Structure formats: structure tokens, C-alpha cells
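This report goes through a structure helix by helix, with burial, contacts and charged pairs taken in turn. The sequence and coordinates come first.

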Amino acid sequence: MSSSALSKAKGFKKSKSGTYLSIATTAFGALSVAKQAKRARQENDTLRLVDAAVSAAAIVTGLAILYRELKRLGDDDVLFG
């Protein structure tokens, strides 16, 4: 990857569009964790249930960080206040 392409990629990650994409990707990961938790409850697998809970906490934290990044970027979208 050339240095200009790399700087464009870094710029996208710090943009509103990149942040929205990260939020969508993180939220999509929540579906997988929900399925994991449901399967763990059905199978009475405590260790997998704990893993799902820790993963869910990481997703919530990640979404909070991304939300903060949107606020820092000055997003004035109605949905995000």
C-alpha cells in the first residue's frame, strides 16, 4: 500500500463515515454474541455464557468509544444528539 493510500485509509478511520461504519460493524458483532449467549444458555454452558458476557461488555465499551468519537468530530445528526 502506498503512503498516500495509507494516509487516506487513516483519514477515513477518523472521519464520520468511518466511525459510522465502525459502529455498524461493531453492532453486527453483537448479533454473533447474542447467538452465542443463547446457545450457551440452551446447553447450560457456563464458561461460554461468561465468554459471551465479556464479549458483550467489550461491544458496549467499543460502541461508547465510537459514540464519543462522533461527538468529538462534531456530529450534529439528530439520532446522536
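## Helix packing and charged pairs

The buried residues of H3 are Ala52, Ile59, Leu66, Glu69 and Leu70. Buried here means under 20% relative accessible area, exposed means over 50%, and partly exposed lies in between (1.4 Å probe, protein chains only). Helices (H or I, at least four residues) and strands (E, at least two) are DSSP runs, numbered from the N terminus. The buried residues of H3 pack against H2, where contact means heavy atoms within 4.5 Å.

The model is predicted: local features need pLDDT of at least 70, side-chain atom pairs count only at pLDDT 80 or more, and totals for chains, interfaces and linings use all residues. Residues are numbered from 1 along each chain as its sequence is written, and side-chain values use heavy atoms, with hydrogens and water left out.

### Overall picture

The protein has three helices and zero strands, in the order α-α-α along the sequence. Its mean pLDDT (the predictor's confidence in each residue, from 0 to 100) is 83, and 74% of the residues reach 70 or more. Among the elements, helix H1 (residues 3-13) has the lowest mean pLDDT, 54, and helix H3 (residues 46-72) the highest, 95. Where pLDDT is low, the predicted coordinates should not be read in detail.

Of the 81 residues in the protein, 16% are buried. The exposed area is about 6,100 Å², with 63% of it supplied by carbon and sulfur atoms; accessible areas come from the Shrake-Rupley method with a 1.4 Å probe, and for residues only the protein chains shown count as cover. Among contacts between residues at least 6 apart in sequence, 59% join residues at least 24 apart.

### H2 and its contacts with H3

At 1.5 Å a residue, the 27 residues of H2 should span 39 Å, and the end C-alpha atoms of H2 are 39 Å apart, which agrees. The expected span is 1.5 Å times one less than the number of residues in the helix. The 27 residues of H3 likewise should span 39 Å, in agreement with the 39 Å between its end C-alpha atoms.

Which residues of H2 are buried? They are Gly18, Thr19, Ile23, Val33, Gln36, Ala37 and Ala40. Gln36 counts as buried because its relative accessibility is 18%. Leaving out residues up to four places away in sequence, Gln36 touches Arg48, Asp51 and Ala52. Asp51 is found in helix H3 and is partly exposed, with a relative accessible area of 40%. The C-alpha atoms of Asp51 and Ala40, 11 residues apart in sequence, are 9.5 Å apart in space.

Thr26 lies in helix H2 (residues 16-42). Its relative accessible area is 22%, so Thr26 is partly exposed. With residues up to four places away in sequence not counted, Thr26 touches Ile59, Leu63 and Leu66. Thr26 and Ala58 are 32 residues apart in sequence, and 9.7 Å separates them in space, C-alpha to C-alpha.

### Ends of the helices

Asn44, just after H2, takes a positive phi of about 50°. At the start of H3, a side-chain oxygen of Asp45 comes to within 3.3 Å of the backbone nitrogen of Leu47. After H3 comes Gly74, with a positive phi near 80°. Gly74 is partly exposed because its relative accessibility is 46%. Gly74 and Lys16 are 58 residues apart along the chain, with 9.0 Å between their C-alpha atoms.

### Salt bridges

A salt bridge is a side-chain nitrogen of Lys or Arg within 4 Å of a carboxyl oxygen of Asp or Glu. By this rule there are two salt bridges.

| Salt bridge | N to O separation |
|---|---|
| Arg48 and Asp45 | 3.7 Å |
| Glu69 and Arg72 | 2.6 Å |

Side chains of opposite charge can pair when their charged atoms come close. Arg48 is partly exposed, with a relative accessible area of 45%, and Asp45 is partly exposed at 23%. In the other pair, Glu69 is buried, whereas Arg72 counts as exposed at 54% relative accessibility. Glu69 and Arg72 are three residues apart in helix H3, so about one helical turn separates them. An α-helix has 3.6 residues a turn, so residues three or four places apart point the same way.

Conventions
Polar contact = N/O pair within 3.5 Å; in protein donor to acceptor, adjacent residues only side chain to side chain.
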